[in-house]
Amino acid sequence: MISYRLYLDDSGTHDGAVLQFLAGTMMSIDEWAKLDPLWCKKLNDYGLKTFHAKDVWGKHPQSAEIFRELGELIFERNSALWWGAVDKEDFQKIKKELPLIKESEFEFLVFGHIGGCPRAMDALGGKGRIGIIIEKGHPPIRPETRKRMEKLEREIGLFEHPWQTSPKGPVPLQVADYMAWNFNRYANTQDDNLPFLKFVNPDTKYRFWGRLFNEEYLRKMFKEYF
């Protein structure tokens, strides 16, 4: 059985942004271990000790090259890339359709990503267990939400829930920061200069974007579990 880890970062709703993102990358523990030295070497090549997107983009003289090359390192791995966003107004409409949803936008995104985990494992070619890790400092998972997660934990084999981890420390959390910042920046500014995200369709009708789930899938998942 393969052990996967999905590291996620929340973009929040900074600078008046109407979309809140939760994005990151899921891969096996072995693939994460292979990425670690390559990521660190790339940062060292550019004189960086750690990666924090907002401190690099437009501030480092080679920021575009850094973003492109780090993105290539992620894509070279056997990984499932995750990105989801919720619009506050649309979230209120969804809550009316599904009365059992009482979570915040952040918790709704967490559930959406968890609900897509079995499909992610299939996409990576195997069944296994999944650890989901979210950076410290983001909204907490409420006790009632954790209780509702127990059924999901039994059915899809979730493990390890260190929802609070050290900020911008280990390489996987830097990767999650890279993903969340890229999608948030693109969605809220339509910044075509980002070398990593030109494949995103700006005309998409989905408020939830991603390879493995969308808004309709989230509705289906909520009806099935709750």
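**Figure 1. Salt bridge between Asp 122 and Lys 127 in the predicted model.** Asp 122 and Lys 127 form a salt bridge in which the closest N and O atoms lie 2.8 Å apart. Asp 122 is partly exposed, at a relative accessible area of 45%. Lys 127 has a relative accessible area of 57%, over the 50% cut-off, and therefore counts as exposed. The total count of salt bridges in the model is 4, and the pairs shown in Figures 2 and 3 are among them.

**Figure 2. Salt bridge between Glu 31 and Arg 77.** The closest N and O atoms of Glu 31 and Arg 77 are 3.0 Å apart. This pair links distant parts of the chain: Glu 31 belongs to helix H1, Arg 77 to the loop between H3 and S3, and 46 residues separate them. Helix H1 covers residues 29-45. Is Glu 31 buried or exposed? Its relative accessibility is 15%, under the 20% cut-off, so Glu 31 counts as buried. Arg 77 is also at 15% relative accessibility and counts as buried. Leaving aside residues up to four places away in sequence, Glu 31 touches Arg 77 and Asn 78.

**Figure 3. Salt bridge between Lys 42 and Glu 69.** Here the closest N and O atoms are 3.2 Å apart. Lys 42 sits in helix H1 and Glu 69 in helix H3, 27 residues apart, and the pair links distant parts of the chain. Lys 42, at 21% relative accessibility, counts as partly exposed. Glu 69, at 18%, counts as buried. The two values fall on either side of the 20% cut-off, which is why the two residues are classed differently.

**Figure 4. Packing of helices H1 and H3.** The axes of H1 and H3 are 11 Å apart and form an angle of about 170 degrees. Because this angle is over 145 degrees, H1 is roughly antiparallel to H3. Which residues of the two helices meet? From H1 these are Leu 35, Leu 38, Trp 39, Lys 42 and Leu 43; from H3 they are Glu 69, Leu 70, Leu 73 and Ile 74. The salt-bridge partners Lys 42 and Glu 69 are thus both listed where the helices meet.

**Figure 5. Helix H3 and the elements that cover its buried residues.** Helix H3 spans residues 63-76, 14 residues in all. From its first C-alpha to its last, H3 reaches 20 Å, close to the 20 Å expected at 1.5 Å a residue. The buried residues in H3 are Ser 63, Ile 66, Phe 67, Glu 69, Leu 70, Gly 71, Leu 73 and Ile 74. Their cover includes helix H1, helix H2 (53-56) and helix H8 (171-189). Strand S2 (19-28) and strand S3 (79-87) also contribute to this cover. Of the buried residues, Glu 69, Leu 70, Leu 73 and Ile 74 also meet residues of H1.

**Figure 6. Strand S4 and its pairing with strand S5.** Strand S4 comprises residues 128-134 and is mostly covered, with 6 of its 7 residues buried. How many bridges join S4 to S5? There are 2 bridges, and S4 and S5 (residues 158-159) run parallel. Ile 130 has Leu 158 in S5 as its bridge partner. In a regular strand, side chains alternate between the two faces of the sheet.

Conventions:
Residues numbered from 1 in each chain as written. Predicted model: local features only at pLDDT ≥ 70, side-chain atom pairs only at ≥ 80, totals over all residues. Heavy atoms only, no water. Helix = DSSP H or I, 4+ residues; strand = E, 2+ residues; numbered from the N terminus. Buried < 20%, exposed > 50% of the residue type's maximum accessible area, 1.4 Å probe, protein only. Contact = heavy atoms within 4.5 Å. Expected span 1.5 Å × (residues − 1). Pairing = 2+ DSSP bridges. Salt bridge = Lys/Arg side-chain N within 4 Å of Asp/Glu carboxyl O. Axes fitted to C-alpha atoms, helices over the stretch in contact; angles between N-to-C directions. Parallel < 35°, antiparallel > 145°, perpendicular 65-115°, else oblique.
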